[in-house]
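User: I would like to learn how to read a predicted complex feature by feature. Could you take me through one, giving the general idea and then the case at hand?

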Amino acid sequence: MKLKFTWIGRLVGRFLSICALAIIGVSGASAQQRGGTLNSTLWPEPPGIVIGIHLNAPTLLPSTKIFEGLLTYDFQLNPQPMLAETWKVSDDGLTYTFNLRHNVKWHDGKPFTSKDVVFSLSKFIPEVHPRSKPTFQRAEVTAPDDFTVVIKLKEPYGPMIRSFDAISAPIVPAHIYEGTNFKDNPANRHPTGTGPFKFDEWKSGQYIHLVRNNDYYLQGKPYLDDIYYRFIPDSASRALALEQGEVQLATQNDIELVDVARLAKLSTLDVTTKGWEWGAPISWLEMNLRRKPFNDVRFRKAVMYALDRNFIRNSIFFGVASPATGPIHSSSPFYTSDVQAYPHDVAKAKALLDEMGLKPDGDGVRVKIGLLGLPYGELWDRLSQYIKQALGQVGVEVTIQTADVAGWGNRIANWDVDMSTTYLTTLSDPALGVARSYITENQKKGVLFTNTAGYSNPEVDKLFADAAKEPDQGKRKAMYAKVQKTLVDDVALGWLVELQWPTITSKKLKNVVRNGLGPNDNFSDVYFEK
Amino acid sequence: MWPLGFAVRWLVKAVMVVLAITVLNFVLVRLSPGDPAVVMAGEAGAGDAQFLEQVRKDFQLDQPLAIQLLTYVKKVVTLDLGRSYRSRRAVADMLFERLPATLLLTGAAYLFALIIGPLLGALAAMRAHTVMDSALMVAALVFYATPIFWVGLILILFFSVNLGWLPAFGMYSMIQVKGVWAQTADVLKHLALPAVTLGLFYVAVYVRLTRASMLETANLEYVKTARAKGLPEWRVATAHILRTALIPIITFAGLQAGHLVGGAIVVETVFAWPGIGRLAFDALFQRDYNVLLGVFLLSALMVVFFNMLTDIAVRIADPRVGGRA
């Protein structure tokens, strides 16, 4: 009897505790509490923290808390208000009108007005921002009054509406930068922005410290008192710091994927792969189309059939990736899955190579080629080894070549490779982040992240050019669908996987990833659950 | 009379050596393939020809190598180390910002090694061919042969992860402590593991050096005389054997002192120590030539300076050395 009684008692006890947890959970979710210090990893130490002058990944994480854009973007990359409260695009797609917030102040107390926006978009960005320069060079920016900005274009430009986030178009203070040498302005070491956090201190080799902006324009926000971005050079030490709770946030490639799976199981940590929709990185195998045998589409197809993208996803990227089907990331509104598929098929690969006349010699070798792997750590070395093995199975002998980052960049930029592995962010719009790797005009020797593979197809060139100018969203989609079909048929690049950067947070830290910019958003909503 | 002549000769030699090192460094650094402008563009994820041109122009990378070398040497002579390509800050500022942390780390490791190493070596020599001697020699061999980063990771695993006694990385606690004493204690706590990691390697060297040197000296005639006089064994060991045996140790200590600036790259990386070694490591991968050359130059100056000190120390210890060099 006694035994049974305790058993019932335990059941009741458990039920009660579940109820209590549920109540705490509900009330906890509704109350966002002020206070707390967020410690985040940041690696490597950035060279500077003014967006535009520097665009390195570790520059963006702290500086997007200091500087803001006119807009930000949700998970579907739809525009959301930031410094602009409302906006309107004219039907012909030529005029963009932004109504700015009235109660915004710079961190030094000066009021924020349309003058700052005009200066940033028409002077600062076209001069310093290598990525957004082409976008804003085509725009004429004026301000009819203190809180209205009008942007006029000569012809419609599809990606325009997705170019106003803090990374693409940071708004900087005109009263500090106007008339100075932007890149050497002393203010770059002590930046002044409008964001929810103010720059406090940069201890070289240690951390960047941001403190709460008490005059932030959104009442009661931000919730955090301050943020430390800590430079921890060793990835094992970073994982340890997360485990021990010394840091509460790590993202992108701060943590080796092999550790991510382990950390995900801990009860104190959360892992999400959302929040990189804006960047949308794709990894690929680039084949130099100026060289034999890569200039033959049958060879490229054979390579695609010989590689097992599911294996790459599961065994090399530990599941933190998804197989790529083509040039546009599946999170993009312009993505289509309706393209030629290349399932793992060794027989088909061999047949294609036979058809080309590449017959195996006595050792079973048909052709010998080199592969320059991305020098970003073990993960990429393993990818090279897998490619060597998989292509070896169909008689393509691969020699793995190595270089450090600078040497790797130099060889690819100068077209001095057979094959190479890399990844690139495809950005918020195909016209910004996709076209650059395929259009003929962008074959620029000596410049990285251009069309270094050497693909050239007048039909694709025209489609990319037309789609960029097309104001109608439906028509744009159709054009990009056609581009994807053609590029995948031609195997312009050997797309491998879409990378999914993990963002690992303490379970108590909330709202880190709330839109498409993820950890690169301004953190005005981030709070610690007590 | 010799001190003045020595000083002049030494100064001339030092200037020549540093100048030669500067030129050699410049050439060597440029031999590695890679272009700082491309690296910077790569980090920005942007392919813009104008951007590359601008960077090259800003730092005179577009001029012939010989002209660049000449400009650099001219600047170095006026003590101007140029600016970093990446952060656009003065290299001298970047170096001096990082110097205290490195000197603290390498200095602590230096003292640790200089105190523990000869002591243990003397112990091993006095107990030669016993279990303790063998244990010490095996330990010394292990720490001498094991890669330093691995020793660091094992110490972290043991003292930080398992025991939780010492912090695993950094120089200060994440939550800043108040008060001078509390802050000093905080830094010392952070210093312990990296200093021991770096020191253990040198301890191993000193142990082996001291033991070998003492055993060799122990067989000399004058030691036999000392024993015959009836001196206790510890007196013989400290006053007669160790003193003579110290000369190779002084020489090596001088060599090690030259590495005080550039010798901690690996340890600084493992322990996230904000010193010069890490600055050099990053600069190398970013092809930030000016920063790299600055670190090299500073290290070279240290080596030359400590070689002079060693010369003087050995001259004082042993008047037979260098009477008319």
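**A buried glycine and its surroundings**

Analyst: We can begin with a single position in this predicted model: Gly326(A) lies in the loop that runs between S14 and helix H10 (346–356) of chain A.

User: Is Gly326(A) buried or exposed, and how many C-beta neighbours lead to that reading?

Analyst: The reading rests on a count of neighbours, with 20 or more other C-beta atoms within 10 Å as the threshold for a buried residue. Gly326(A) has 26 C-beta neighbours inside 10 Å, and therefore it counts as buried.

User: Which residues does Gly326(A) touch, once those up to four places away in sequence are left out?

Analyst: Under that restriction, Gly326(A) touches Val339(A), Gln484(A), Leu487(A), Val488(A) and Trp495(A). For Trp495(A), the separation in sequence is 169 residues, while the C-alpha to C-alpha distance to Gly326(A) is 6.0 Å.

User: How should I read the backbone geometry, and which residue other than glycine has a phi near 45 degrees?

Analyst: The general expectation is that most residues other than glycine have a negative phi, and that most peptide bonds are trans. Val491(A) departs from this with a positive phi near 45 degrees, and its place is the loop between helix H15 (473–490) and strand S18 (494–499) of chain A. Because Val491(A) has 24 C-beta neighbours inside 10 Å, it counts as buried. Leu77(A), also not a glycine, has a positive phi of about 65 degrees, and is found in the loop between strand S2 (71–73) and strand S3 (79–81) of chain A. With 22 C-beta neighbours inside 10 Å, Leu77(A) likewise counts as buried.

User: Where is the cis peptide bond that involves Pro44(A)?

Analyst: The cis bond joins Trp43(A) and Pro44(A), with omega at about -5 degrees, and Pro44(A) sits in the loop between strand S1 (37–41) and helix H2 (57–66) of chain A. A cis peptide bond also leads from Lys221(A) to Pro222(A), where omega is near -5 degrees; the place of Pro222(A) is the loop between strand S9 (207–212) and strand S10 (226–230) of chain A.

User: Turning to sheets, what is the order of the six strands in the open sheet of chain A?

Analyst: In general, the strands of a sheet pair through backbone hydrogen bonds, either parallel or antiparallel. Here the order is S14-S18-S13-S17-S15-S16 in chain A, and the pairing is mixed. Strand S14 (321–323) and strand S16 (396–401) of chain A stand at the edges with a single partner strand each, so one side of each has no neighbour in the sheet. Within the sheet, neighbouring strands are turned against each other by 30 degrees on average, with direction ignored.

User: How many bridges join strand S13 to strand S17 of chain A?

Analyst: Strand S13 (residues 281–287) and strand S17 (residues 419–425) of chain A run antiparallel and are joined by seven bridges, and Glu286(A) stands opposite Ser420(A) in S17(A). Another antiparallel pair consists of strand S4 (residues 84–89) and strand S5 (residues 95–100) of chain A, with five bridges, where Thr86(A) has Asn99(A) in S5(A) as its bridge partner. S4(A) and S5(A) form a hairpin with five residues between them, and Gly93(A) in the turn has a positive phi of about 70 degrees.

User: What should I look at in the contact between chain A and chain B?

Analyst: One starts with the residues on each side: 38 residues of chain A are in contact with 38 residues of chain B. Helix H6 (235–243) and helix H12 (405–413) of chain A are the elements that give two or more residues to the side of chain A that touches chain B, and H12(A) gives the most, with six residues. By class, that side of chain A divides into 16 nonpolar, 13 polar and nine charged residues.

User: What confidence does the predictor give the complex and chain B?

Analyst: As a general caution, where pLDDT is low the predicted coordinates should not be read in detail. The predictor gives the complex an ipTM of 0.71 and a pTM of 0.81, while chain B averages a pLDDT of 83, with 94% of the residues scoring at least 70. Chain B itself has 13 helices and zero strands, and buried residues make up 37% of its 325 residues.

Technical notes:
Residues are numbered from 1 along each chain as its sequence is written. Chains are lettered from A and ligands numbered from 1 in the order in which they are written. This is a predicted model: local features need pLDDT of at least 70, side-chain atom pairs count only at pLDDT 80 or more; totals for chains, interfaces and linings use all residues. Two residues are in contact if their C-beta atoms, placed from the backbone, lie within 7 Å. Helices (H or I, at least four residues) and strands (E, at least two) are DSSP runs, numbered from the N terminus. Ala, Val, Leu, Ile, Met, Phe, Trp, Tyr, Cys and Pro count as nonpolar, Asp, Glu, Lys and Arg as charged, and the others, Gly among them, as polar. Two strands pair if DSSP finds at least two bridges between them. Axes are lines fitted to C-alpha atoms, for helices over the stretch in contact, and angles run from 0 to 180 degrees between N-to-C directions. pLDDT is the predictor's confidence in each residue, from 0 to 100. A residue is buried if 20 or more other C-beta atoms lie within 10 Å of its own, exposed if 12 or fewer, and partly exposed in between; C-beta atoms are placed from the backbone.
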